[in-house]
Structures are given as structure tokens and as C-alpha cells.
Amino acid sequence: MKSKKKDIRALTKEQLREFFVSSGDKAFRGNQVYEWLWSKGAHSFESMTNISKDTREILEDNFVINHIKVDQMQRSTDGTIKNAVRLHDGLVVESVLIPTPSRTTACVSSQVGCSLDCRFCATSRLKRMRNLNPDEIYDQVIAIDNESRLYHNRPLSNIVFMGMGEPLMNYNNVLKAIDKITSPEGLGMSPKRITVSTSGVPKMIKKMADDEVRFKLAVSLHSAIDEVRTNIMPFNENFPLADLKEALEYWYEKTKSRITYEYVVWEGINDRKEDIDALLRFCSYVPCKVNLIEYNPIDDGEFQQASNATIENYINALESRGFVVNVRRSRGKDIDAACGQLANKT
Ligand code: SAH
């Protein structure tokens, strides 16, 4: 039978304090337990040694502590690490550690599977099962931070929400996780080191701007022509580029934070001059930079990365207009850890 007990880590510190007051104890007890749960990462009530046995029993009767479990860790020849993470209900998501000389980045998942249907992405083949809770997102980060310290002798420096799922379709939980990551009681990381990547949900981009979030925004653009974009990212039909543009203008107006566009160039899909021209136009709307991402094949060749010459054309066109463009080589391909390859294969 499924446990009726509540996940104690879904409670805020204030709610924990209230729980203790209402059970006849001191509010301060809430702070102590909160510290065990978050700063000390306790996995059991039993391990909370400065909490009396009676109190621990009350906790035991009312709550569970759900933790993720790294089921399998794979290491790539390039230093990339991929974790298969088992959740309390048995579902699995993946997260990745990407080391470079100057930073170590965690790529984390926000949903089990994904409800979007980007045709070039392996995750889209797993239908969306559920949203991750804030603590399940937070725990992925902690697991990667520990591995970063262990295998690369340095703490995590950056986080990108580019794993499985669409973060803006699990916005509240992503926000709560980021609050925890940035708070001194969590990792105390600067929000400027965190990037949320979205396929572009206009309403939610505006909401983020209204919420005055301090993290960075990346948009998976891949085409600035509706017809082409809808073909490869069918949800674009409901969220067309004009709406995306308007939302991004709103975002920049409020946050003054430059947007990153992620863009893969595919042969026969977005490799024409008019594709480049459309991108140049789109880039002129709000301050931005473009990351040209290497395509990681996920199938039998329906999508093919465009030739180097075509990619050079993109780079030259963008640079000659004064736009910043980076080419992002993919990492961890040998263990299916690269962008768009997360599909719980193992
Ligand atoms: N749903 C979010 C985050 C997950 S995808 C988003 O769409 O942004 C993270 C990035 O990987 C996105 O830019 C996505 O377009 C890109 N991507 C997906 N499949 C890919 C593939 N096979 N090769 C290269 N990049 C891919």
C-alpha cells in the first residue's frame, strides 16, 4: 500500500516550525530538523541525534524523507559524468556533470520525460510522466556537486536546466529548487551561474520577468521561421514566434538580462540563406548571443548536422552584424549524455 505519510522536505521552514508548535513543541525544533534535512542531508529521522527519541517518533509517524538514489554513474572519456537517478516512486531521470578547464556545470532534469515533441530530441520519445519536486531537482545538483568534488577536485560552478523536461512547464518547482540552491542554507550559489533553458513558453517567460528572477534565460530557437520551427518543434504551432518575440522583449525590458539562443543547423532543414536572414532579424529584437550546438544524432539519420561550410556561413553572418556567437561542441557522446540524448537508455 502506498504510504500516506507526507514528504517532509516538501515543507518550508515556516511550515515545519508550525508543525512543532501545533504538536506542543517549540518552533525552534523546526529549525533544527530543517537543518538536518537540508544542510546536513539527513536520510533518516534516526540520524538526527540532537532531537529527542519521542520527537523522532512523532516525525516517523507523520513523515517520510524521500531521497533520490544515483542508480548508475557513467563516466565519459572526456570527463563528463552521467547519473541515472532513481526517484522514490521508481521512475528514473538523468543528470550530467560537464567539466571544462574553467567551470564544472551540472545539467539537471526538471520532469520525468517531456510533454513537448521536438522531433530531434530523444527525451521527447518518453512521454511526460510527472513533474519533479523541488527536492528531487535539488538532490540532483547535490549529487553532481559531490561527484565534481570527488572526481575533479572542485565544487560545481554552474547549473543548466537542459536535462529532461521543459522547466517552464514545471515552473513553481523549478523556482523552489533554485531558491534552495541559491540560499545560504543550500549551496549558496549565485543565480547568475544558473541558466534555465526553454523551448519558449511565452506566458511563462513573462511570468518569470514579473517574478524578477535573477537567473539566466536560454531559448531553444533552432529556427526563426514559423513554418520550419513548427515542423521540427510542433508545439510552435501554439506558441508562434511572434508571441515568443513579444515575451522576450518583455523579459529584457524587465530584467535587462541578455538571452541566449540555442540553435542547431541541420542539412535540408534550416541551412538556407533565408534561414540565416530570419535568425539575424530575430536576433535584432533583444540583446542576445547565439550558441550553435553540435547535433547529437538520436536516430537513423532523419536529421543530419549541416556541413562546416554552412555553419561558417551562420557564424560569419552573425559576427558581421555584431552578434556574439559560440560554437558548442557536444560532450559525453560516448555515454549518451549530450544534449537531446537523455532517454534512460540504460
Ligand atoms: N526543454 C528545454 C530543455 C531541454 S533540451 C529546452 O527545450 O530548452 C536542452 C537543449 O538541447 C535544447 O536547446 C534542445 O533544443 C537541445 N537538443 C535537443 N535534442 C538535441 C540533439 N539531438 N542534439 C543537439 N541538441 C539537442
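Biologist: What makes asparagine 296 and the ligand a polar contact?

Modeller: A backbone N or O atom of asparagine 296 lies 2.9 Å from a nitrogen atom of the ligand. A polar contact is a pair of N or O atoms within 3.5 Å, so this pair qualifies. This is a predicted model, in which local features need pLDDT of at least 70 and side-chain atom pairs pLDDT 80 or more, while totals for chains, interfaces and linings use all residues. Residues are numbered from 1 along each chain as its sequence is written, and side-chain values use heavy atoms, without hydrogens and water.

Biologist: Which side chains have a polar atom by an oxygen atom of the ligand, and at what distance?

Modeller: For serine 197 the distance is 2.6 Å, and for histidine 222 it is 2.5 Å. The protein covers 96% of the 530 Å² of accessible area (Shrake-Rupley method, 1.4 Å probe) that the ligand has on its own.

Biologist: Which residues come nearest to the ligand?

Modeller: Of the 19 residues around the ligand (a heavy atom within 4 Å), these are Phe120, Ser197, Ser199, Ser220 and His222. The shell divides into 7 nonpolar, 9 polar and 3 charged residues.

Biologist: Why is serine 330 called buried?

Modeller: Buried means under 20% relative accessible area (1.4 Å probe, protein chains only). Serine 330 has 14%, and therefore it is buried. Its place is in the segment after β14 (324-328), a strand being a DSSP run of E with at least two residues.

Biologist: How far is serine 330 from glutamate 166?

Modeller: The two are 164 residues apart in sequence and 20 Å apart in space, C-alpha to C-alpha.

Note on methods
Polar contact = N/O pair within 3.5 Å; in protein donor to acceptor, adjacent residues only side chain to side chain. Nonpolar A, V, L, I, M, F, W, Y, C, P; charged D, E, K, R; others polar. Helix = DSSP H or I, 4+ residues; strand = E, 2+ residues; numbered from the N terminus. Buried < 20%, exposed > 50% of the residue type's maximum accessible area, 1.4 Å probe, protein only.
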